[in-house]
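Please open the model in your viewer and keep the selection panel at hand. The stops below go from one selection to the next, with a short account of what is found at each.

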Amino acid sequence: MRTGAAATILVSGLLALSSCGGPQPTTPDTKLEGNVYASPSAGGSPVGGARVTASLGSATQSVITGPDGHFSLTMNGAQTVQAFNITVEPPDSSNLVASSYFKVPLEAYRSQYGAASELNIYLNTTAPSAPLPGAPAKRGCITGLLKDVGGQPVASNALEVVDTPAGTSVPRPLYPDCNTEFATIPNFSAGHALLPQAGETGLVIYGGSRVVRTNAQGRYLMPVQTSQNLSGVSGSMWAGNYDGSDTGSLATANALYWSKFQYVPEVKALLNAVTPVGNTATDTRDITLENFDPATNSRVMNQSIRYDGSAVSRQVDGATAGILVDTTASFEHAITSAALPLGEYFDEDALGTQDLRVMKLASGTNAQSIAVTSRLIRYDTKDFFIVGDSTFYGWRNGVNQGQPLNATYLAIPAPQAPAQAATGVSRAPSMSWSAVPGGKVYQVALLRLEEDDSATLAWVGYTPDTSLQVPLTLDANATYIWQVYTDDGTEMADYIGRDPLALEAARWKPTSALVKARTGESALNRWRGQAAQVIVQRTGSLPRPDAAYQNLQTTGYRDTNSQESIFTTGN
């Protein structure tokens, strides 16, 4: 089975426009020309020896790319068509993944002046890898005391390593001095979406990305480093105790948030040379906490959110599924720092209203936002595994903060063929699923399940229809997992030209809510978690699903994932 790369295609002679703008028959010869590249996350190099197959109406042509990744296809025959299909398969020796795009609109790649537009297709990698080390790091160090509301030092109760519901470990370092090696400083990926854990106290976060704990005397030490040629860096500082809840008991809570906090918009850190800075901190910053309570602190307010899960069916395979809504609020305070987590909230009927504790933004401004992600998890009540999810993303800024968020959810697509746990399936299977009202383009991810219960991405397809045929030959007698995704804003042209690994990373679901639903993490979500870690290491933050969305502050947007379906191929 072949796996994929990336294509830059020049579309020539595909579509003539009449004076009134309507589509006309194509010319007898239609030329597709471009280049194949690896995904940016896999190096971005040209890929020679890749197979590019395009279909335009009834005409299909295939060609192998040259050493420079270039290809040229000529499609013969006059046909009235408005879309084409394209699949790119890399050489068998690569670790890239084949991808297919169905019914790509010709209009999107034809300019009003008749010149050809570029079609960029970036395909995925089976083995996400961390970036190569850059220049030697320059280092700095920030230290200080963390004080409670009354001025007493706050000693952290966090362990050096915190176990999470996902079965992973998150470091909570306590550095003795500033002489810290690069490899021992955890990066953002180690704690993203698992930070903080309920009940932890004495946490200090710098730049929204690095967390340390205080010692018994309430002192923290925050190493700072960069491989860029800078003499100093700056970032926000957040500190506090994440032990607040609506019931007073973390075991029964439906709302988890900071009980005490402090937010400092900018803390500057000087950087020394490449050599360690020893025991001397370059900057000192003491922090005094405040109550994270809208009843007593004007810097905090309640943001109301209304849930409407009526579009999501609770019937799955003849049984009634359970519903759990997991909502997180975060503070997007600066483009140079990652968002700060503010709290996590749970609801079990998806029809009620909750108040989220958030930072109060300056009235009339839009430079900062409160971001809310509300994920409706549908789960099997017998074996407690997830059978689909649907997510609402919403924002409020200083202009509309206080207006309730209306969290409506898309229906969850239902896989139809191949049937769940089917065996002897064709090695070029036809796949189908139920339609999602409001969905734009369906993305089908197909992964091979390995003997160790890990998963390897095998192929990704994009289509506006509710069925397709995999244009590859899958491995014989192999077990595959597949899942269907769609959202209410991304068109086909928005997918083409994106880094596919970033798209998969954006679909990774944090597992903090799984303990509430008593569900485990799937091999597919673990693979996406690996992709997320790579993207974070490269960019400093996780990508969010995005496209040419409009009115995000007013309406937000929505996406949905089907349940994972499994089948085994025949000989």
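Begin by selecting strand β12, residues 200–206, together with β13, and follow the two backbones side by side in this predicted model: the strands pair in the antiparallel sense, over four bridges. Within that pairing, pick out Val-204, which stands opposite Val-212 in β13.

Now widen the selection to the sheet to which these strands belong, an open sheet of five strands that runs in the order β13-β12-β15-β18-β21, with antiparallel pairing. Which strands stand at the edges? They are β13 (210–213) and β21 (290–291), and each has a single partner strand, so one side of each is left without a neighbour in the sheet. As general background, the strands of a sheet pair through backbone hydrogen bonds, either parallel or antiparallel.

Next, turn to the aromatic side chains, for which a search of the whole structure finds 13 pairs. Select Trp-238 and Phe-292, whose ring centres are 6.4 Å apart and whose planes stand at 75 degrees; since an angle over 60 degrees counts as edge-to-face, the pair is therefore assigned to that class. This pair links distant parts of the chain, because Trp-238 lies in strand β15 (residues 232–242) while Phe-292 lies in the loop between β21 and β22 (300–308), 54 residues apart. Trp-238 and Phe-292 are both buried.

The stop after that is Tyr-263 with Phe-331, a pair whose ring centres lie 5.1 Å apart with planes at 75 degrees, so this pair too is edge-to-face. Tyr-263 belongs to strand β18 (residues 260–270) and Phe-331 to strand β25 (residues 322–332), so the contact of their rings ties together parts that are 68 residues apart in sequence. Are these two residues buried or exposed? Tyr-263 is buried, with a relative accessible area of 10%, and Phe-331 is buried as well, with a relative accessible area of 1%.

To see these pairs in context, select Trp-238, Tyr-242, Trp-258, Phe-261, Tyr-263, Phe-292 and Phe-331 together, since ring pairs link them into a cluster.

Finally, clear the selection and look at the whole protein, which has six helices and 39 strands. Of its 571 residues, 52% are buried, and the accessible surface comes to about 23300 Å², of which 49% belongs to carbon and sulfur atoms. Among contacts between residues at least 6 apart in sequence, 72% join residues at least 24 apart.

How values were computed. Residues numbered from 1 in each chain as written. Predicted model: local features only at pLDDT ≥ 70, side-chain atom pairs only at ≥ 80, totals over all residues. Heavy atoms only, no water. Pairing = 2+ DSSP bridges. Buried < 20%, exposed > 50% of the residue type's maximum accessible area, 1.4 Å probe, protein only. Contact = heavy atoms within 4.5 Å. Areas by Shrake-Rupley, 256 points an atom, 1.4 Å probe, with all protein chains shown as cover. Phe/Tyr/Trp six-rings, centres within 6.5 Å; stacked < 30°, edge-to-face > 60°.
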